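Biologist: Could you take me through the cysteines in this protein, one by one? I'd like a close look at how they are paired and where they sit.

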Amino acid sequence: MGFRNGLSQWIFYGTIALLLAGCGGGGGGTLTAEQQIVASNASFRSRAQTILQGAAQEMGVQVDTQDFAGIVLTNGSDGKRNVVVNTNIRGVQNLTMDNLSRGADVLFCYLQTDDDYRNFFVVNIRNDNGRWVAQIRNLAGDTTTVDAEVTTQARENEKPKLTVDWDGGPCLDARFGPIVIKVCFPIDIKDLIPLRTTSGEWENQMDTAAQQISTSVRGSIGSRSRDSSTGVVIVTREDVVLAAQLLTGTVTTPLASVNGRALAACYIQASNRSDMPSSIFNITLTESGSGSLNASGLPQVPVSVEPANLVIKTKSSPRARLADVDLELLLPIEDRVIALQFPL
């Protein structure tokens with residue numbers, strides 16, 4: 001299923017509905033593994049939007065959820081999940097730097113870690129005597145304050161653009177008008193802000209939605225890779241869905257041995273890219289004459305090598321950085337991290 005440049009969301013989901021109707025929803029057919037991933041993503045996004053709206057209402061804020069960005073990742077080491085979902089407070093596109101300096105609620109997010117910590121948060125940005133800070137608060141009003149990055153860009157976004165990444169830990173990013181904001185959660189947030197469960201039990205509902213997409217996507221990719229690894233990452237935003245499974249043995253492969261070896265199985269669909277593979281594919285690296293690495297069959301995807309990340313390696317799972325115009329997939333090997341940069 002391909003996409004054309006500038007495809008709007010209603011066409012996106014309308015196409016999915018037609019696909020399901022023609023390929024499995026009453027037509028007696030069977031969905032392909034790729035179609036199952038697309039359908040699972042559509043279902044997760046629909047459920048997550050409802051959950052975000054419900055939780056935000058309890059916390060007294062209004063949110064726009066159509067363009068939310070999220071990462072669901074499952075550890076290959078123990079099968080436990082980490083989830084981060086990032087959306088914006090309604091009306092942030094009207095904020096100025098003066099508004100932010102005085103303090104404004106900007107982001108609404110859900111965070112779930114693999115030690116069973118689950119919380120919804122409102123992120124308030126302000127300038128404190130020349131230092132940009134983010135106050136993170138939960139349902140009960142418990143707060144912690146961390147440093148924030150606030151910058152401006154020459155290009156103005158027509159609507160808020162949300163990003164998220166999770167390599168060492170979860171970070172949130174929002175771009176609206178000329179303003180760019182980035183906030184990273186402290187690794188000890190569980191000790192700083194206690195868990196407060198919403199009366200609608202929206203945390204349980206988000207956990208269930210994340211479990212379902214994880215199970216479905218892992219089964220879809222595994223049916224092609226023939227690999228039982230539970231190390232899977234799913235990245236979702238209105239304009240992209242990526243799912244990747246870290247293949248068994250990848251985390252013990254040294255850099256000197258990656259040439260010609262399949263490291264992960266991957267599926268990606270981006271609304272502004274028609275040059276990506278339409279099927280699930282293996283990520284196999286080849287070494288050029290100059291010694292640099294290339295992703296076989298993906299000339300448009302740069303490959304770089306980063307220092308080893310003990311957290312990613314120990315968890316035996318791929319990680320991801322979803323930015324405004326690209327998506328980085330991080331694959332841990334024995335002594336390094338392989339980063340593949342997919343343009344969006």
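Modeller: Here is a walk through the cysteines, starting with how far to trust the model. Keep in mind that this is a predicted model. The protein averages a pLDDT of 90, and 91% of the residues score at least 70. The stretch to be wary of is residues 1–28, where the pLDDT is below 50; even so, that stretch has 40 contacts in the model beyond near neighbours in sequence.

Now to the sulfurs. The structure holds 1 disulfide, and the partners are C171 and C184, with 2.0 Å from S to S. Look along that S-S bond and you get 105° about it, so to speak a right-handed link between C171 and C184. The two ends sit in unlike surroundings: C171 is buried, because its relative accessible area is 9%, under the 20% cut-off. C184, on the other hand, is partly exposed, with a relative accessible area of 34%.

What about C109? The closest cysteine sulfur to the sulfur of C109 is the one in C171, and that is 11 Å away, so it is too far for a bond. A disulfide would need the two sulfur atoms within 2.5 Å. C109 is also buried, at 0% relative accessibility.

That leaves C266 to mention: this cysteine is buried too, again with a relative accessible area of 0%. So if you're picturing solvent reaching these side chains, remember that C109 counts as buried at 0%, while C184 is partly exposed at 34%.

Notes
Residues are numbered from 1 along each chain as its sequence is written. This is a predicted model: local features need pLDDT of at least 70, side-chain atom pairs count only at pLDDT 80 or more; totals for chains, interfaces and linings use all residues. Side-chain values use heavy atoms; hydrogens and water are left out. pLDDT is the predictor's confidence in each residue, from 0 to 100. Contact means heavy atoms within 4.5 Å. Buried means under 20% relative accessible area, exposed over 50%, partly exposed in between (1.4 Å probe, protein chains only).
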